[in-house]
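Reader: Hey, I've got a model open and I'm a bit lost. Can we go through it together?
Author: Sure, bring it up and ask away.

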Amino acid sequence: MGKWEDNKAWFLVLPVFLLVAISAIIPLMTVVNYSVQDIFGPGDRIFVGTEWFEDMLSNRRLHDALWRQFLFSGLVLLIEIPLGVLIALAMPKRGWGVSVSLVLLALPLLIPWNVIGTIWIIFTRPDIGLLGVAINGLGFEFDHTSAPLDAWITVMLMEVWHWTPLVALLAYAGLRAIPEAYFQAARIDGASPWAVFRYIQLPKMRGVLTIAVLLRFMDSFLIYAEPFVLTGGGPGNSTTFLSIYLVKLSTAMDVGPAAAFSIIYFLIILLFSWLFYQALQNVGTGDRQ
Amino acid sequence: MSLEWMAWTLPTAIFFATIAALLIAMTVWQASAPSIERRGLLPIATTPGDRLFLGLLGSAYIHLAWIGLFDLSLWWALVISAVYMTALMRWG
């Protein structure tokens, strides 16, 4: 690798750097500052060291919310990624069906997140909601406001309905970008549909699936608006995910503990995003090493 | 412009100044002696920048684990982190 010859391009990155500094770096530094102090008001604060971190690390409710969050994000990835790829494989490749399926898939993505919560509250109500009445009519008792399992099922259904289209659209874009020659070669070799998927389509989708996994992991790990509107974190604490608990803390004006919690939260997301990124970068490249 | 809302303290200022200094030093280093990716003890090929990132991230977890598991002074966690980072930069 040679030395840098022309550094003018770096000036083009400056606007982005300024934006990120204002929207991310400065707030993050502020959160770090808050996390080591007890803040009573402007200009009225005392340094407490790592006390809030000790509090948060031994906080049972945080542990519960954390495991709940991992379960949720794990299920989201396990369901949405394969389902999205399946939908993309089943989508038409030419003709009027392409536009129709693209528009249908994009619809859930266009709805504001709090509206999605409201839609699903009404949809699953056991007295007037289409889904709620139908399930109860089949003889199952279903009420997401009182049964934790029903609340979980509803939140998962909502999440899958809302975000699987994103995975499907990304996977579809990846599939459409594969040159026809690959498939012709596979046909000549008499490859089975599974072999075509395993050795052509899946490796070629690595880039878009990396983005899909990262986006879905980070988004589902930060999920707030939809379950907050739908269940408010209940019944009990059964759908209190990390961000819902964090907001409960910070609106109680405990900015110190909330800041310590935010930093732990941030570190978890950073670690997992890096792990996923590395894993997906190395998928299917084993033969190159 | 008042920065009171950012609630700066001396320890956090030193913390961020250290990280900024590390980043600047690494940039100067990269400009004067361009590095290449290589494989060390880690199972992946890394640049010095990657190893710095892993070092900082790992150090954060070392400190958290120390706070969560032990009652001893946090300076020990800093010492362990410094050793870990040096080893990672050199052999990682």
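Reader: Is Ala168(A) buried or exposed?
Author: Buried: this is a predicted model, and in it Ala168(A) has 24 other C-beta atoms within 10 Å. The cut-off for buried is 20 or more, so Ala168(A) makes the grade.

Reader: Ok, and where is Ala168(A) in the chain?
Author: Look in helix α7 of chain A, which covers residues 148-176.

Reader: What does Ala168(A) touch, leaving aside neighbours within four places in sequence?
Author: Its contacts there are Gly84(A), Ile87(A), Ala88(A) and Leu105(A). Take Gly84(A): 84 residues separate it from Ala168(A) in sequence, yet their C-alpha atoms are 4.0 Å apart in space.

Reader: Let's switch to the cores. Which residues touch the most other members in the largest nonpolar core?
Author: Those are Met56(A), Tyr245(A), Leu246(A), Ala260(A) and Phe261(A), in a core of 25 residues.

Reader: And which helices supply at least two residues each?
Author: From chain A you have α2 (51-57), α3 (60-90), α12 (242-251) and α13 (255-282), and from chain B there's α2 (48-69). The top contributor is α13(A), which puts in 7 residues.

Reader: What about Tyr245(A), what does that one touch?
Author: Not counting residues up to four places away in sequence, Tyr245(A) touches Arg61(A), Leu62(A), Ala65(A) and Thr240(A).

Reader: So where does Ala168(A) fit in?
Author: Ala168(A) belongs to a second, separate core of 18 residues. Val85(A), Leu166(A) and Phe217(A) are among the other residues there.

Reader: Now the two chains. How many residues does each one put into the contact?
Author: Chain A puts in 24 residues and chain B 19 residues.

Reader: Which parts of chain B are doing that?
Author: On the side of chain B that touches chain A, α1 (10-32) and α2 of chain B each give two or more residues. The largest share is from α2(B), with 6 residues.

Reader: What sort of residues are on that side of chain B, nonpolar, polar or charged?
Author: The split is 15 nonpolar, 3 polar and 1 charged.

Reader: How many helices and strands does chain B have?
Author: Chain B has 3 helices and 0 strands, so reading from the N terminus you get α-α-α.

Reader: Is chain B compact or spread out?
Author: Chain B is more spread out than a compact globule, because its radius of gyration is 16 Å, well over the 12 Å that the globule rule gives for 92 residues. Along the principal axes, its C-alpha atoms fill a box of roughly 40 × 40 × 15 Å.

Reader: How much of chain B is buried?
Author: Buried residues are 13% of the 92 residues in chain B. In α1(B), the count of buried residues is 1 out of 23, so that helix is hardly covered.

Reader: What does α1(B) span from end to end?
Author: From its first C-alpha to its last, α1(B) reaches 32 Å, close to the 33 Å expected for a helix with its 23 residues.

Reader: Last thing, what's odd about Ala7(B)?
Author: Ala7(B) has a positive phi of about 50° although it is not a glycine. You'll find Ala7(B) in the segment before α1 of chain B.

Reader: And why does Ala7(B) count as buried?
Author: Because Ala7(B) has 22 C-beta neighbours inside 10 Å.

How values were computed
Residues numbered from 1 in each chain as written. Chains lettered and ligands numbered in written order. Predicted model: local features only at pLDDT ≥ 70, side-chain atom pairs only at ≥ 80, totals over all residues. Core = buried A, V, L, I, M, F, W, Y, C linked by C-beta atoms within 7 Å. Buried ≥ 20, exposed ≤ 12 C-beta atoms within 10 Å, placed from the backbone. Helix = DSSP H or I, 4+ residues; strand = E, 2+ residues; numbered from the N terminus. Contact = placed C-beta atoms within 7 Å. Nonpolar A, V, L, I, M, F, W, Y, C, P; charged D, E, K, R; others polar. Expected span 1.5 Å × (residues − 1). Rg over C-alpha atoms; globule rule 2.2 N^0.38 Å.
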